[in-house]
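Here are a few exercises to help you find your way around. Try each one before reading its solution.

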Amino acid sequence: MRQCYLCGKGLRKNENKSKDHVPPKCIFPKEKPQNLITVPCCIECNGSFKLLDEKMRNFFAVLAGDKSGEVSWIARHEILRSGRLRKDFLSYAKPRPSLVDEKGNPRLVFYFNSEELERWLIRVVKGLAFYRTWIRIKDGAFYKMKVLSEFVPQPSNTFPMEQGLEFRPHFVYGVIQEGNTDFWVLIFYDHLMFSITVDIPT
Ligand SMILES: [Zn+2]
């Protein structure tokens, strides 16, 4: 029996079985790539990320600006519409005066420091890991997130990861596995780069 990639529950057709897109399909424009990744998921876990998916999409797309294309337009609209989301968004992105762009303006560096972001990125990694191996990452694995805000994503031919997949410009990932440690890099909208290190218990 197939398992839910998040909670590990057995999945039964017409009962609790569904498919989850990883990364969530809302981060793509209306015209979606044909080969998006899906993994088996229970209906409960699938529903539990819906609001967070939209929130992260909105924040990422707005931070990436034009790079996220039409998604940025939707995201901006949603953030402007909601006072709470706007306030939340401002707490995610802070200017860092020591960094300036080529015109001398303070560069916006995103300091994501949020349990929510980490929870969301870990979920994406769990999905990608399941897609690669058809095995759930063991419960008890230890995750460490890093925001790689000073890095500029490189064109794919210089992408240093051993294996990965890309839906440029919306999403690219790579993973290096070494012993019981997996090092994942996730890039959204060719602009926001995160790493998740997963230590898997033996
Ligand atoms: Zn589940």
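**Exercise 1.** Decide whether Trp134 is buried or exposed, and do the same for Tyr189.

*Solution.* Keep in mind that you're looking at a predicted model.
Step 1: count neighbours around Trp134; 12 other C-beta atoms lie within 10 Å.
Step 2: compare with the cut-off, where 12 or fewer means exposed and 20 or more means buried. So Trp134 is exposed.
Step 3: repeat for Tyr189, which has 25 other C-beta atoms within 10 Å and is therefore buried.
Step 4: place them both. Trp134 sits in the loop between H5 and strand S5 (142-147), while Tyr189 is in the loop between S8 and S9.
Step 5: check the backbone. Trp134 isn't glycine, yet its phi is positive, near 60°; Tyr189 isn't glycine either, and its phi is near 55°, also positive.

**Exercise 2.** Work out whether the length of H5 fits its 19 residues.

*Solution.*
Step 1: the expected span is 1.5 Å times one less than the number of residues, so for H5 it comes to 27 Å.
Step 2: look at the C-alpha atoms at the two ends of H5; they are 27 Å apart, which agrees.
Step 3: see what H5 tucks away. Its buried residues include Trp120, Leu121, Val124 and Phe130, and Arg123 and Lys126 are among them too.

**Exercise 3.** Find which residues touch the most other members of the largest nonpolar core.

*Solution.*
Step 1: start with a background idea: in soluble globular proteins, nonpolar side chains tend to be buried together.
Step 2: go through the 45 residues of this core; Phe60, Leu121, Leu186 and Phe188 touch the most other members.
Step 3: ask who contributes. Helix H2 (50-64), strand S7 (171-178) and strand S8 (181-188) are among the elements that each supply at least two residues, and the largest share, 8 residues, comes from H5.
Step 4: zoom in on Leu186. Leaving out residues up to four places away in sequence, Leu186 touches Leu121, Val124, Tyr173 and Phe194.

**Exercise 4.** Describe how H3 and H4 cross.

*Solution.*
Step 1: take the axes of helix H3 (residues 70-81) and helix H4 (residues 83-92); they come within 5 Å and cross at roughly 110°.
Step 2: 65 to 115 degrees counts as roughly perpendicular, so H3 is roughly perpendicular to H4.
Step 3: list the partners: Glu78, Ile79 and Leu80 from H3 meet Leu85, Arg86 and Phe89 from H4.
Step 4: sort this contact by class, which gives 4 nonpolar, no polar and 2 charged residues.

Terms used. Residues are numbered from 1 along each chain as its sequence is written. This is a predicted model: local features need pLDDT of at least 70, side-chain atom pairs count only at pLDDT 80 or more; totals for chains, interfaces and linings use all residues. Axes are lines fitted to C-alpha atoms, for helices over the stretch in contact, and angles run from 0 to 180 degrees between N-to-C directions. Helices (H or I, at least four residues) and strands (E, at least two) are DSSP runs, numbered from the N terminus. Angles under 35 degrees count as roughly parallel, over 145 as roughly antiparallel, 65 to 115 as roughly perpendicular and the rest as oblique. Two residues are in contact if their C-beta atoms, placed from the backbone, lie within 7 Å. Ala, Val, Leu, Ile, Met, Phe, Trp, Tyr, Cys and Pro count as nonpolar, Asp, Glu, Lys and Arg as charged, and the others, Gly among them, as polar. A nonpolar core is a set of buried Ala, Val, Leu, Ile, Met, Phe, Trp, Tyr and Cys residues joined through C-beta atoms within 7 Å.
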